[in-house]
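Colleague: I would like a close look at one part of this model, the aromatic rings. Please take it step by step.

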Amino acid sequence: MEFSVKSGNPEKQRSACVVVGVFERRRLSGAARVLDKASGGMLSTILRRGDMDGEKEQTLWLYNLPNTLCDRVLLVGCGKEREFNEAAYRSVTATMARTVNKSGAVEAVNYLTDLPVKGRDTLWKISQAVTVTQDTLYRFQQLKSKKDEVQRPLRRIILSVPSRSDLLPGEEAVRVASAISLGTRFTRDLANLPGNICTPTYLADQARQLNKTYKSVKVEVMEEADMEKLGMGALLSVSRGSEQPAKLIVMEYRGGKKDSKPIVLVGKGITFDTGGISLKPGEAMDEMKFDMCGAASVLGVMKAIAEMMLPLNVIGVVAAAENMPDGKASRPGDVVTSMSGQTVEILNTDAEGRLVLCDALSYVERFEPESVIDIATLTGACIIALGHQATGLLSNHGPLANELLNAGRQCYDRAWELPLWEEYQEQLKSNFADMANIGGRPAGTITAACFLSRFTKKYHWAHLDIAGVAWKSGKEKGATGRPVPLLMQYLLNKAS
Ligand code: BES
Ligand code: MN
Ligand code: ZN
């Protein structure tokens, strides 16, 4: 999809389609009012007949509107004007994208960007229009032999900005948002691939591919022998039960000043999580192919920042392994030694994410990071705590936590903080090793973060538990690409 920005009146647009909003009880938005005037009150007349009253998600096509230069006008219901907030703006944008895409119009001039959203400026609306549209039109069809394709899909969207002085910043917002969408799509594609295709080796190949496309991304892949030398006994204990060798993928993007410390992202890349010997129940186990969504989001961010040439130093690390039950798999009660030297009693082999992450987190000390953020589908408990709206956030550094929470609010990919209090650490006590890998039923998300915190003492660190937000179940089963937008917003804020 191609996006551009433009300032000008709706009746003057020589285009296949013009999109304007209508609020509830037939209240015309600014652009709709202009069209109404130009057409001698056609919009009001039609609305008065009762075809539409402006409720959210309603749409109405008008053809051959008098005194306009476009082929068709799409009216999009926006709900109550007083309640028109970020969520409403995002949802009418999605409706616009879906409806126009099915219409046969290959181009549209979108005036929904003119609608006032409390506390948000034009650039926010431009950027959201790009990412929401791309997210809405995304389909995963790689593995279908017959792809169902829209006959004449939408190819170009022109976004309205209020004045000519908004054009240049608007174009920049489009450029950045398009890069974010590209990264998000990459994340979703990787995450949607099944475990028999998307293995740790596949992820490593994808990283190498990134380096082919973007010379600015340097890639190094550590093999199990390398990890053995580094003493990564925790990570290796997870892949031992699988035919698939583990990979530790390191991607370095140096777009910032030479001496400025890098921001490090570490992704959980369990390409399939059976639970290991602590085998999971069968129901919905297919969804454990999504257990590499953290890794996929790191790859997506690396792609986005390389695409947009972000002026910042960023290192992406992916701890990739498959968690399978096998003769060589860990048994409950096994004790392993992590790269940090700390020993871990594996009381449950299904708490494998923290085992691969802890060694990756020790490894990244060598980069002397400004901050380290790990991203992981770590605990089912996070879904119980926060549902499918918020990413769980835990951190050993208040300012870093706040920067991430703010970034999430800014781009509407939101996180919510949980406490990482000392008292919770007790739950990880083991009679046989330095710590256990589980902390019992209470506060499962927090004790998982407590476990990781024992490996992140040397730097500012935040943990994002994305178990509830990284994918959808049910009829719309599929990866969401979250939290790529949040991470990108955080990095953009850092770069400016
Ligand atoms: N990948 C899972 C977490 C998960 C489960 C995410 C379901 C999304 C949906 C993780 O490896 C896991 O199995 N965690 C266990 C930890 C427990 C054994 C302490 C869990 O959440 O049950
Ligand atoms: Mn597990
Ligand atoms: Zn897992």
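Which residues do ring pairs link into a cluster?

Modeller: Phe23, Phe84, Tyr89 and Trp124 are linked into a cluster by ring pairs. The model is predicted, so local features need pLDDT of at least 70 and side-chain atom pairs count only at pLDDT 80 or more, while totals for chains, interfaces and linings use all residues. Residues are numbered from 1 along each chain as its sequence is written, chains are lettered from A and ligands numbered from 1 in the order in which they are written, and side-chain values use heavy atoms, without hydrogens and water.

Over the whole structure, a search finds 8 aromatic pairs (rings of Phe, Tyr and Trp, the last by its six-membered ring, with centres within 6.5 Å; planes under 30 degrees apart are stacked, over 60 edge-to-face, the rest tilted). Tryptophan 61 and tyrosine 63 are stacked, because their ring centres are 6.3 Å apart and their planes at 25°. Tryptophan 61 has a relative accessible area of 23% and is partly exposed (buried is under 20%, exposed over 50%, partly exposed in between; 1.4 Å probe, protein chains only).

Phenylalanine 290 and tryptophan 471 are also a stacked pair, at 5.1 Å centre to centre and 20° between the planes. Phenylalanine 290 is in the loop between strand S10 and helix H9, and tryptophan 471 is in strand S19, so the pair ties together parts 181 residues apart in sequence (DSSP runs numbered from the N terminus: helices H or I, at least four residues; strands E, at least two). Both residues, phenylalanine 290 and tryptophan 471, are buried.
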